[in-house]
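Here are a few exercises to work through with the model open beside you. Try each task before you read its solution.

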Amino acid sequence: MSFTGPSVGSVSGGRRGVFEFGKTHVVRPKGRHQATVVWLHGVGDNGSSWSQLLETLPLQNIKWICPTAPTRPITLFGGFPTTAWFDVGDLSGDAPDDVEGLDAAATHVANLLSTEPADIKLGIGGFSMGAATALYSATCFIHGKYGNGNPYPANLSAVVGLSGWLPCSKTLKSKIEGHEEAARRAASLPILLCHGKGDEMVPYKFGEKSSQALSSNGFQNSTFKSYNGLGHYTIPEEMDEVCAWLTSKLGLAG
């Protein structure tokens, strides 16, 4: 495992200022490099903790890139500053999405993938808010552009979201309906969503609703896995599922 210093990238927070990304931790593949996956942590966490877990997985052919989100005030926490990919007002589904913050995070992730060799398959995964950012990136890939209209450059082969939710779900239909290429990408992009039924931080219904939103908008290769009694954390059973799914969808060597 290795890491780079604070990224030169930054998040423009409008009137809230500019927030710098933290350290990016990289887990090198132990075997032949076939895929690169950017993995995004949850609120208040950092790239280091997930890189240590990912390093133990039996996925010899994946290079993991684990960035650290900027430290920023979060409206949900009364303006308390913590590491977060974007701002959240509440999780009711009715609060406006922080599209500016989501775009900045998705851009940072795409930039991390931009230097990978052309023959390497690319993926994005994450936990909680990291999962939300990964799913938002998936919708940008489907649409071919970010929320601000700038072109989305990465060619994604797999997206994983653990204990998260789908931001901007209400506008998803308009991004796909009538757009032949977007519909084709939506039908083929493999997405794995996993959620614990005992999650008190991001309730299970958000995972379920996110899965339904994907399915109803033509995401035919989307899978939803639920876990009885699982709270807002991961367990070996869930990570085993992720390993098997990534091996299958990315066509990794055994």
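A residue counts as buried when its relative accessible area is under 20%, as exposed when that area is over 50%, and as partly exposed in between. Keep those cut-offs handy, and bear in mind that this is a predicted model.

**Exercise 1. Place Tyr204: which helix holds it, and is Tyr204 buried or exposed?**

Step 1. Look at the secondary structure: Tyr204 is part of helix H6, which covers residues 204-216.

Step 2. Now check the accessibility. Tyr204 has a relative accessibility of 17%, so it goes down as buried.

Step 3. See what surrounds Tyr204. Setting aside residues up to four places away in sequence, it touches His195, Gly196, Lys197, Asp199, Phe224 and Ser226.

Step 4. For a sense of distance, take Pro96: C-alpha to C-alpha, Tyr204 and Pro96 are 21 Å apart in space, with their positions 108 residues apart in sequence.

**Exercise 2. Work through the aromatic pairs around Trp50: how are the rings of Trp39 and Trp50 arranged, and which parts of the chain does the pair tie together?**

Step 1. Start with the whole structure, where a search turns up seven aromatic pairs.

Step 2. Take Trp39 and Trp50. Planes under 30 degrees apart would be stacked and planes over 60 edge-to-face. Here the ring planes sit at 40 degrees, with the centres 5.4 Å apart, so this pair is tilted.

Step 3. Map the two rings onto the fold. Trp39 belongs to strand E5 (residues 35-40) and Trp50 to helix H1 (residues 47-54), so the pair ties together parts 11 residues apart in sequence.

Step 4. Move on to Trp50 and Phe127. Their ring centres are 5.7 Å apart and their planes again make 40 degrees, so this pair is tilted as well. It links distant parts of the chain, as Trp50 is in helix H1 and Phe127 in strand E9 (residues 121-127), 77 residues apart.

Step 5. Check burial. Trp39 has 1% relative accessibility and counts as buried, Trp50 has 8% and counts as buried, and Phe127 is buried too.

Step 6. Put the pieces together: Trp39, Trp50, Trp64 and Phe127 make up one aromatic cluster.

**Exercise 3. Go from Thr82 to the surface: which residues is Thr82 in contact with, and which residues form a nonpolar patch with Val43?**

Step 1. Find Thr82 in strand E8, residues 80-83. Its relative accessibility is 14%, so Thr82 is buried.

Step 2. List the contacts. Without neighbours within four places in sequence, Thr82 is in contact with Val43, Gly44, Pro70, Thr71, Arg72, Ile74 and Phe77.

Step 3. Follow Val43, which sits in the loop between E5 and H1. With a relative accessible area of 32%, Val43 is partly exposed.

Step 4. Step out to the surface. Val43 joins Leu76, Phe77 and Phe80 in a nonpolar patch, and together they have about 350 Å² of accessible area.

**Exercise 4. Check the cysteines: how many disulfides does the structure hold, and why is there no bond between Cys140 and Cys168?**

Step 1. Count first: there are zero disulfides.

Step 2. Recall that a disulfide needs sulfur atoms within 2.5 Å. The closest cysteine sulfur to that of Cys140 is in Cys168, and at 8.2 Å it is too far for a bond.

Step 3. Finish with accessibility. Cys140 is buried, with a relative accessible area of 1%, and Cys168, at 11%, counts as buried too.

Note on methods:
Residues numbered from 1 in each chain as written. Predicted model: local features only at pLDDT ≥ 70, side-chain atom pairs only at ≥ 80, totals over all residues. Heavy atoms only, no water. Phe/Tyr/Trp six-rings, centres within 6.5 Å; stacked < 30°, edge-to-face > 60°. Helix = DSSP H or I, 4+ residues; strand = E, 2+ residues; numbered from the N terminus. Buried < 20%, exposed > 50% of the residue type's maximum accessible area, 1.4 Å probe, protein only. Contact = heavy atoms within 4.5 Å. Patch = residues over 30% accessible without salt bridge, like charges linked within 9 Å, V, L, I, M, F, W, Y side chains within 5 Å. Areas by Shrake-Rupley, 256 points an atom, 1.4 Å probe, with all protein chains shown as cover. Salt bridge = Lys/Arg side-chain N within 4 Å of Asp/Glu carboxyl O.
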